[in-house]
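Student: Please take one part of this predicted model and go through it closely. I would like the account to start from a single residue and work outward.

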Amino acid sequence: MRTQVPDKSSDRFVIKFTIAVIMLLCVMAVSCCLGSSTTSLSDVIKYFTGRSSELANTTVTIIGRIRIPRTVTAALVGGALASVGCIMQGVFRNPMADPSVLGISSGAALGAAVAIVLGLNGVILFGAFTGAYIGAMIGAVVTWILVFTIATRNGHYDTSSTLLAGIAISSIMSALITVIMTLHLDDMERVYMWMLGTFSASTADKTKLLAVVVVLMMPVLIFIAPRIDILKLGKEAALTLGVNQKSTLAVTLGACSCLLAFCVANSGIIGFVGLIIPHIAAFFKVTKMRKRLILSFMTGAIFMVICDTVCKTVVAPGELAIGAVTSLIGAPYFLFLLMGSRLRSGKEKISS
Amino acid sequence: MNLEVNNISVSFGDHAVLSDVTHTFKEGKITMIIGPNGCGKTTLIRTLVSMYAKDGDLSYIPQDIYGDTGLNVRDIVSLGRYDSSKFFQGESEEDKKYIDDALSLMELQDKKDQMFDTLSGGEKQRCMAARAVCQDASWFIMDEPASNLDPVHSKHILNTARELVRKEGKSFIIVMHDVNLAAAYGDEFVLMKQGRVMNTADELTSSLLSEVFDTSFECVRTPSGKNVFYSD
């Protein structure tokens with residue numbers, strides 16, 4: 001008689017996703033309560049259940065005009081950055097790829113900075129879409145193509161030259177931003193924001209614009225994700241499965257650059273989220289790209305809302321830069337990965 | 001369906017890798033491509049893949065896959081069941097059966113949850129072979145599928161190919177460096193040198209090998225009646 005063995009390969013994705021959604025809603029609710037002045041959770045719940053008439057006008061303003069846009073922006077940016085990181089690690093077949101490590105965030109920031117000093121930052125659409133977004137988009141696409149071209153050798157990406165090219169390009173971009181800041185001292189403060197990253201300038205209009213971009217681009221990435229797994233088999237093997245490398249990479253590049261540009265133009269360079277979050281998703285035994293991408297989005301959103309809550313509370317009424325908080329958590333993890341890979345490449349297996 | 005190449009020439013920059021190659025690969029056979037390093041074997045089969053991949057009836061096993069896949073063994077094998085016309089890539093019962101059969105065929109059942117990137121070279125090759133089996137195409141094009149395999153697994157993978165030809169009428173094109181393995185399992189031999197097809201034959205001989213490798217090969221017959229080639 002045979003007994004039914006539970007299928008070990010099932011990754012219980014639905015359960016993990018549901019838990020992530022509930023957690024995200026919880027941290028967002030808490031984040032709406034906290035800030036330079038504290039609002040009670042019951043007030044936030046009242047606001048959401050349509051009983052805002054019972055609240056004081058200032059409370060309604062704080063929740064509706066400041067807290068909600070900021071929290072939603074943090075969630076969207078965190079989710080988008082983690083998703084882009086997840087996709088990039090797949091495309092470059094490199095566990096250390098991330099938009100900030102590979103210089104693509106800096107490229108977007110440089111594009112935005114150039115647009116600002118050229119005076120192209122006037123509002124163009126929806127009370128929120130400015131020239132800085134277009135500049136950031138161009139910057140992101142150009143940098144991505146640059147890294148790709150340098151890292152590709154004989155049709156495949158070399159892991160170490162990808163990282164080295166990215167780091168070099170990142171420092172060139174940052175240097176150029178510094179030059180621009182020095183030459184245009186009047187705009188320095190605004191440009192400096194991109195170097196650090198913050199959600200404090202979130203407005204309802206900017207949040208809506210970002211939400212539209214995320215809602216449009218995430219399905220594209222979710223659609224293309226399985227093809228990125230297929231591309232890992234190599235160009236020819238992918239072709240036999242009906243996946244064309246060039247068109248897949250072009251769509252991926254477009255969608256990722258768009259997401260990244262809007263995140264960077266909205267809230268600046270926020271490092272390491274794209275690096276660590278996909279690894280956390282992998283830690284939960286979700287390995288295939290599409291599920292990993294979705295879980296990365298949720299985890300990234302949760303992580304960013306928590307980091308932003310830390311930013312706006314620990315030194316209240318002042319603010320910490322969000323980039324500093326995420327990097328403080330992310331950079332040590334990066335070093336940990338680096339040490340791990342050095343051990344693995346050593347002569348002896350440490351454990352077997 | 002036979003696979004044909006007609007007057008194919010490929011060059012990288014000034015360097016001609018293939019010049020004027022014409023050959024018809026016959027279905028239902030194991031065709032071994034033999035030749036010295038850099039003679040254009042891989043380029044030839046890659047060209048074949050890019051010509052016939054659209055028909056969707058061939059699978060390709062590269063020599064190696066680059067970088068970190070971040071996928072486990074079962075994930076890699078299941079990629080063989082990918083259907084580009086479907087949005088939802090969930091596995092049907094049929095897919096699961098294909099995946100399980102391919103895993104057990106390549107003796108990877110115990111390793112299915114292990115990360116592909118942590119496997120040894122030989123295990124990776126078996127995993128890639130399992131993925132190709134799972135794809136269930138008529139043609140298998142393999143680039144040195146046994147280069148990292150121990151003698152037992154090399155024979156196992158070629159015996160599997162034999163079985164697939166015999167039972168399911170599959171066809172194989174295999175780039176092979178081990179001339180004795182090639183001789184033992186090939187139905188047809190394509191001998192390449194400096195970007196050209198020098199010779200084709202139904203049986204390997206020491207003179208064919210000597211000509212293509214520019215070194216003298218001898219052949220001895222084992223008591224069991226097999227030809228073994230060696231070069232001094």
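Tutor: What follows starts at Tyr60(B) and moves out to the sheet, the interface and the partner chain.

The model is predicted, so confidence comes up again at the end. Tyr60(B) is part of strand 4 of chain B. It has 30 C-beta neighbours inside 10 Å, and because the cut-off for a buried residue is 20 or more, Tyr60(B) counts as buried. Leaving aside residues up to four places away in sequence, Tyr60(B) touches Val49(B) and Ile141(B) in its own chain, and Glu236(A), Ala237(A) and Thr240(A) in chain A. Ala161(B) lies 101 residues from Tyr60(B) along the chain, and the two C-alpha atoms are separated by 14 Å.

The strand that holds Tyr60(B) belongs to an open sheet of 6 strands in chain B, in the order 4-5-6-3-7-8, with mixed pairing. Strand 4 and strand 8 (196–201) of chain B are the edges; each has a single partner strand, so one side of each is left without a neighbour in the sheet. From one strand to the next, the twist averages 15 degrees. Within the sheet, strand 5 (residues 139–143) and strand 6 (residues 171–175) of chain B pair in the parallel sense over 5 bridges. One of the pairs there is Met142(B) with its bridge partner Ile174(B) in strand 6 of chain B. Helix 1 of chain B packs on this sheet, where it touches strand 3 (30–34), strand 4, strand 5, strand 6 and strand 7 (188–193) of chain B. The direction of helix 1 makes about 150 degrees with that of strand 5 of chain B.

Now the interface. In total, 27 residues of chain B are in contact with 28 residues of chain A. On the chain B side, the elements that give two or more residues are helix 1 (41–52), strand 4 (58–61) and helix 2 (73–78). The residues on that side divide into 12 nonpolar, 9 polar and 6 charged.

Elsewhere in chain B, strand 9 (residues 217–221) gives a contrasting case to Tyr60(B). Of the 5 residues of strand 9 of chain B, the number buried is 0, so this strand lies largely in the open. Strand 9 of chain B runs antiparallel to strand 10 (residues 227–231) of chain B, and 5 bridges join the two. Phe217(B) stands opposite Ser231(B) of strand 10 of chain B. The two strands form a hairpin with 5 residues between them, and Gly225(B) in the turn has a positive phi of about 90 degrees.

Across the interface, chain A has 13 helices and 4 strands. Buried residues make up 49% of its 352 residues. The largest nonpolar core has 168 residues, and Leu259(A) and Ala261(A) have the most contacts inside it. Helix 3 (residues 57–91) of chain A contributes the largest share of this core, 16 residues. Among the residues that Leu259(A) touches are Ala80(A), Val84(A), Val213(A) and Met217(A).

Confidence in chain A is uneven. Its mean pLDDT is 82, with 87% of residues at 70 or more. Among its elements, helix 8 (residues 204–231) of chain A has the highest mean, 93, and strand 4 (residues 156–157) of chain A the lowest, 62. The pLDDT is below 50 over residues 1–9 of chain A and stays under 50 over residues 345–352 of chain A. Where pLDDT is low, the predicted coordinates should not be read in detail.

Terms used
Residues numbered from 1 in each chain as written. Chains lettered and ligands numbered in written order. Predicted model: local features only at pLDDT ≥ 70, side-chain atom pairs only at ≥ 80, totals over all residues. Contact = placed C-beta atoms within 7 Å. Nonpolar A, V, L, I, M, F, W, Y, C, P; charged D, E, K, R; others polar. Buried ≥ 20, exposed ≤ 12 C-beta atoms within 10 Å, placed from the backbone. Pairing = 2+ DSSP bridges. Axes fitted to C-alpha atoms, helices over the stretch in contact; angles between N-to-C directions. Core = buried A, V, L, I, M, F, W, Y, C linked by C-beta atoms within 7 Å. pLDDT = per-residue confidence, 0-100.
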